[in-house]
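Visitor: I am new to this structure. Please take me closely through its disulfides, and then through the aromatic rings.

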Amino acid sequence: MVHILPLPLLVLSLNVAPSLALPNFWNIPLPSWPTRSVPAVKRDIQNINFNPDGSPFLWLLQDEYKGKSFYDRWKFFDHPDPTNGHVNYINKTAAFESGLVYVEDGGKVIMKADHTTKLNRGVFRNSIRIESIATYNTGLFVLDLNQAPWGCGVWPAFWTVGGNWPYGGEIDIIEGVHDNQHNQVAWHTAPGCKLNTTAGFTGTISSNDGKNHTDCNSFINSNAGCGITEWSRASYGPYFDSQGGGVFAMKWDENDISIWSFYRAAIPKDVAAGNPNPSGWGLPSARLHASQCDIRKFFGNHSIVFDITFCGDWAGNSYATSRCPGTCEERLMEPKNFENATWSINSLNVYRKQALAGHISTSSSPHAFHTEVHFWMSLCLAVFTCIFFV
């Protein structure tokens, strides 16, 4: 006599992964049940990321900024520089008409400062600042650059910022001045967010006057925020450009905000393939960990920003010790000094975090994945099969 498999167990069998399917001990044809195993496991298990609690997720492409349509989704900031730079930020029409922004036939996006106009002393130089129309609350931001601005008196940045600064937070992904060779990452927040110095990163904590910048509070220390300086001299300046540029990546989720940089020859294959997996990139250059800063509380609704300013609060105040000639105001007058003040962008991709159902674990081999839920369902069904024939 054959007992029919109870309906609840039939339903459970729908979740059995093919690799752990119900055993067919008596060669009785069994139905081909549809599966509900994690899609990413079947597609490319190397792309699965894991939260600290072991829950799996993927980074899926959300927005792509590249080529001829790059400037369609940006606002041009044309107000006085909040950082007191000696700069005239110009609007979109003026930027295109003056040739400070354009897209080359091959798709490279160019954004640069004026480097053709000779100025009188005290006159500010024209430049560009753009802000994304879209705003983000977490994400994986991957910027592929051929060139980033540099030069005496030049202060470029690629960053994200929330509304009602600093309560929405600010993340400086690329920032430097003059001919520096090391990128400086920084976070600026409302009071209550601090840098965990043991969180695991390769950079060195930024400091000034012998004091480490570990408190992100924008209302103290002249708004230095908390910062980490990258160890690689290929992360900023002339050496970065001479290497053919590279990729900067910023992972922002509830666990931490981490930043990596890769010069052209060291870009991970998963990044080049458009399937980024930060878990395979090694330690980040910089990390702000949630253990001492509630990421969801201090960072939100961020626009992406590119800018090139001059002198001002950082480049101006540090000019005297920069080994640059003359004064910053004098430097601003001569256009040839700004021939390298250019962003050349291949692409900026923003990925969103997509949680996966179930809880994925790994064996000793990184390719031997299975879901725990599927495993126990399969085991129970196999035992039941052995006893339902009387």
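Guide: The disulfides come first, and the rings follow.

This is a predicted model, where local features need pLDDT of at least 70, side-chain atom pairs count only at pLDDT 80 or more, and totals for chains, interfaces and linings use all residues. Residues are numbered from 1 along each chain as its sequence is written, and side-chain values use heavy atoms, with hydrogens and water left out.

A disulfide is a covalent bond between the sulfur atoms of two cysteines. Here the term is given to a pair of cysteine sulfur atoms within 2.5 Å. By that rule there are four disulfides. Number the bonded cysteines in sequence order, and the pairing reads 1-7, 2-5, 3-4, 6-8.

Take Cys-152 and Cys-324. Their sulfur atoms are 2.1 Å apart. The torsion about the S-S bond is -85 degrees, and the link is left-handed. Cys-152 lies in the loop between β9 (139–147) and β10 (154–161), and Cys-324 in the loop between α7 (312–316) and α8 (328–331), so the pair ties together parts 172 residues apart in sequence. Helices (H or I, at least four residues) and strands (E, at least two) are DSSP runs, numbered from the N terminus. Cys-152 and Cys-324 are both buried. Buried means under 20% relative accessible area, exposed means over 50%, and partly exposed is in between (1.4 Å probe, protein chains only).

Next, Cys-193 and Cys-293. This disulfide has an S to S distance of 2.0 Å. Its torsion about the S-S bond is about -100 degrees, so the disulfide is left-handed. The pair links distant parts of the chain, 100 residues apart. Cys-193 sits in the loop between β12 (184–188) and β13 (204–205), while Cys-293 sits in the loop between β19 (286–289) and α6 (295–298). Cys-193 has a relative accessible area of 0% and is buried. Cys-293 is buried at 1%.

Then come Cys-216 and Cys-226. Their sulfur atoms lie 1.9 Å apart. At 80 degrees about the S-S bond, this link is right-handed. Cys-216 is in the loop between β15 (211–212) and β16 (226–229), and Cys-226 is in strand β16, ten residues away. Cys-216 is buried, at 0% relative accessibility. Cys-226 is buried at 0% too.

Now the rings. Rings of Phe, Tyr and Trp (its six-membered ring) pair if their centres lie within 6.5 Å; planes under 30 degrees apart count as stacked, over 60 as edge-to-face and the rest as tilted. The count comes to 20 aromatic pairs.

One of them joins Phe-70 and Tyr-71. The ring centres are 5.1 Å apart and the planes stand at 85 degrees, so the pair is edge-to-face. Phe-70 is buried at 1% relative accessibility, and Tyr-71 is buried at 3%.

Trp-260 and Trp-281 also form an edge-to-face pair, with 5.0 Å centre to centre and 90 degrees between the planes. Trp-260 lies in strand β18 (residues 256–263) and Trp-281 in the loop between α5 (269–272) and β19, so the pair ties together parts 21 residues apart in sequence. Trp-260 is buried at 4%. Trp-281 is buried at 9%.

There is also an aromatic cluster, with Phe-70, Tyr-71, Trp-74 and Trp-343 among its members.

Last, charges over rings. A charge sits over a ring if NZ of Lys or CZ of Arg is within 6 Å of the ring centre and within 35 degrees of the ring normal. Arg-233 lies over the face of Tyr-239, 4.1 Å from the ring centre. Lys-353 lies over the face of Phe-57, at 4.2 Å.
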